[in-house]
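This report covers the nonpolar cores of a structure and some of its backbone torsions.

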Amino acid sequence: MRVRIIISAALGFLAAGLSLPQQARAQLGLPSRTPSADSAPSSVSPASPRGALQSFLRLAEARDWVGAAQYLSIPTAERARAATLARRLKTILDQRLAIDVRAVSGAVAGDTTDGDVGGDRIGVITSVNGREDPVRMVRLSAPSSGGPVRWVFSQATVGFIDGWFDNLGAPWLRERLPQTLMRVGPFNVYYWQWIGLGLAIPVVLLVAWGLGAVLRNLLGRIARHTVTDWDDLLLEHLRGPFRLLAASLAIGPSLSLLELNTRVDGFLTSLTRGLVLISIFWGLLRIIRLAQDRVANAAWATGQGMQARTLVPLFGNFLRVTLAIIAMLVALAQFGYPVGTLLAGLGIGGIAVALAAQKTVEHLFGSVSLAADNAFRVGDWVRAGASEGAVERIGLRSTSIRTVDRTVVRIPNGRLADERIETFGERDRIVLSTDIDLTYTTTPEQLDRIRDALEAALRAHPMVFADIVRVHVVGFTDSAIRINVVSWFLTTDWQEFLRIRHDMLITFMRIIRDNGSSFAFPTRTVYHVQAGGTTPVPSLDAGAPATDA
């Protein structure tokens with residue numbers, strides 16, 4: 001199905017003549033995006049080879065064969081066939097020679113640097129026996145009466161016209177097909193050739209499917225006798241790319257049977273090479289994806305899974321982006337775009353590109369730095385600057401963090417590499433640290449019993465880290481005696497720790513109650529001095545300021 005879609009899109013691209021580079025448009029005979037030959041600058045003389053060729057093509061397009069024949073040097077014996085020779089020459093040029101009018105000299109004297117004295121070579125046509133026949137235009141000397149200088153197709157070229165024409169468009173079909181099918185259609189392609197192109201599509205697809213099935217069956221038998229399943233997965237992943245490759249290779253013989261004209265054949269050849277390159281790069285992308293999955297699974301098996309979840313997708317994305325850039329450059333080169341000029345332009349404008357892309361490069365190196373330092377992994381709970389949450393994705397440019405509010409914060413990697421990053425996922429245990437404030441009515445003996453009971457309750461828990469359990473009186477506040485409790489529990493699951501802390505705090509409350517004490521709350525003792533007396537009478541006044549009566 002994917003091969004069918006790609007080939008259909010390619011044929012639609014051919015028929016529609018979308019935004020092609022100038023070279024590809026010239027191959028298909030499409031109108032140029034640059035000024036056409038007819039709109040050439042005034043510096044091109046009508047008496048030049050280019051001017052004569054333009055006039056011939058313009059008259060031939062208007063089907064004025066008598067006028068077009070004026071640009072042929074026809075022997076006297078053939079003057080009666082002048083219109084026929086002009087029409088045949090136009091058909092030959094359309095079918096066998098892709099002429100770039102702009103490459104023809106626009107000077108009255110012609111091209112004086114090619115060594116062809118008195119003439120200009122427009123192109124070369126290969127005959128059926130392999131002989132290369134030149135297509136030349138010659139300059140007719142000005143008559144003594146002062147008439148204009150003229151350029152015409154040479155007599156030698158005119159002499160080749162009948163032989164060239166007899167070998168156009170599969171001569172073996174000329175006597176067997178109706179004349180309607182032998183007429184020239186769009187893009188100077190005969191109607192029978194258009195029908196052949198339509199029939200070639202299902203044939204190519206059938207051949208590609210058959211080759212794919214046979215080869216996959218053969219390789220599958222070999223893969224089943226191996227001890228690993230990597231080769232089986234590789235065959236499965238490369239099914240689509242191989243079908244496209246087989247279809248691309250089958251297009252060449254099919255086109256050779258149709259004997260298309262030079263322009264269309266050249267374009268389809270470039271298109272075929274493009275499809276071959278697409279299949280190759282598609283296969284490489286599939287291999288990268290397979291290798292990425294295999295490395296990630298192998299890392300899970302060896303206990304390095306969390307690190308693999310970070311590094312493997314990062315390097316996989318980097319390889320895919322690099323491969324896509326290379327594929328784009330190769331495809332542009334296949335269709336005639338000046339890739340070398342583009343790269344040279346990037347070199348000249350490198351400073352501007354560097355200034356424009358400095359942030360992107362900074363974030364790219366930031367992602368490499370984070371991966372090299374293994375600062376955090378996908379799934380870790382982190383605190384970076386003002387953001388806190390679970391790491392969902394580490395990309396080439398930014399890292400996505402899912403916050404407690406279920407929003408996603410995307411932090412550029414360049415900035416994140418400079419932040420203070422606190423990673424909760426790397427801790428091996430979770431601390432329980434709390435202060436317990438008891439009332440001042442608690443006696444020293446009660447404090448000792450409470451402290452010992454708290455420590456015993458902590459050490460009795462099955463998940464406590466027994467090496468460090470601290471329970472001590474640490475000070476006297478304005479309204480309480482403070483006991484500091486510190487211990488660690490051997491869990492990294494925050495939800496499990498919340499349940500442990502809940503149970504321990506309830507246990508602390510029971511211990512304090514059973515030992516006759518209670519929790520303190522902010523209070524203040526105010527002494528009132530009675531008039532005429534010296535003994536102060538204390539009274540509790542929560543939150544009231546101290547006063548003297």
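The model is predicted. Its largest nonpolar core has 31 residues, among which Leu53, Phe56, Leu72 and Phe153 touch the most other members. Two or more residues of this core come from each of H3, H4, helix H5 (82–96), strand E1 (119–126), strand E2 (132–140), strand E3 (150–153) and helix H6 (155–166). H5 gives the largest share, six residues.

Phe153 is one of the core residues that touch the most other members. Neighbours within four places in sequence aside, Phe153 is in contact with Leu53, Phe56 and Leu72, and also with Tyr71, Ser73, Leu89, Leu93, Val135, Arg136, Met137 and Val158.

There is also a second, separate core, with 22 residues, including Val485, Phe489, Phe497 and Phe508. In soluble globular proteins, nonpolar side chains tend to be buried together.

Two arginines have a positive phi, as tabulated here.

| Residue | Phi | Relative accessible area |
|---|---|---|
| Arg63 | near 60° | 60% |
| Arg406 | near 70° | 57% |

Arg63 is in the loop that runs between helix H3 (49–61) and helix H4 (65–68). Arg406 is placed in the loop between strand E6 (398–403) and strand E7 (408–412). Neither residue is a glycine. Arg63 counts as exposed because its relative accessible area, 60%, is over 50%. Arg406 is exposed for a like reason, with 57% against the cut-off of 50%.

Notes:
Residues are numbered from 1 along each chain as its sequence is written. This is a predicted model: local features need pLDDT of at least 70, side-chain atom pairs count only at pLDDT 80 or more; totals for chains, interfaces and linings use all residues. Side-chain values use heavy atoms; hydrogens and water are left out. Helices (H or I, at least four residues) and strands (E, at least two) are DSSP runs, numbered from the N terminus. Buried means under 20% relative accessible area, exposed over 50%, partly exposed in between (1.4 Å probe, protein chains only). A nonpolar core is a set of buried Ala, Val, Leu, Ile, Met, Phe, Trp, Tyr and Cys residues joined through side-chain atoms within 4.5 Å. Contact means heavy atoms within 4.5 Å.
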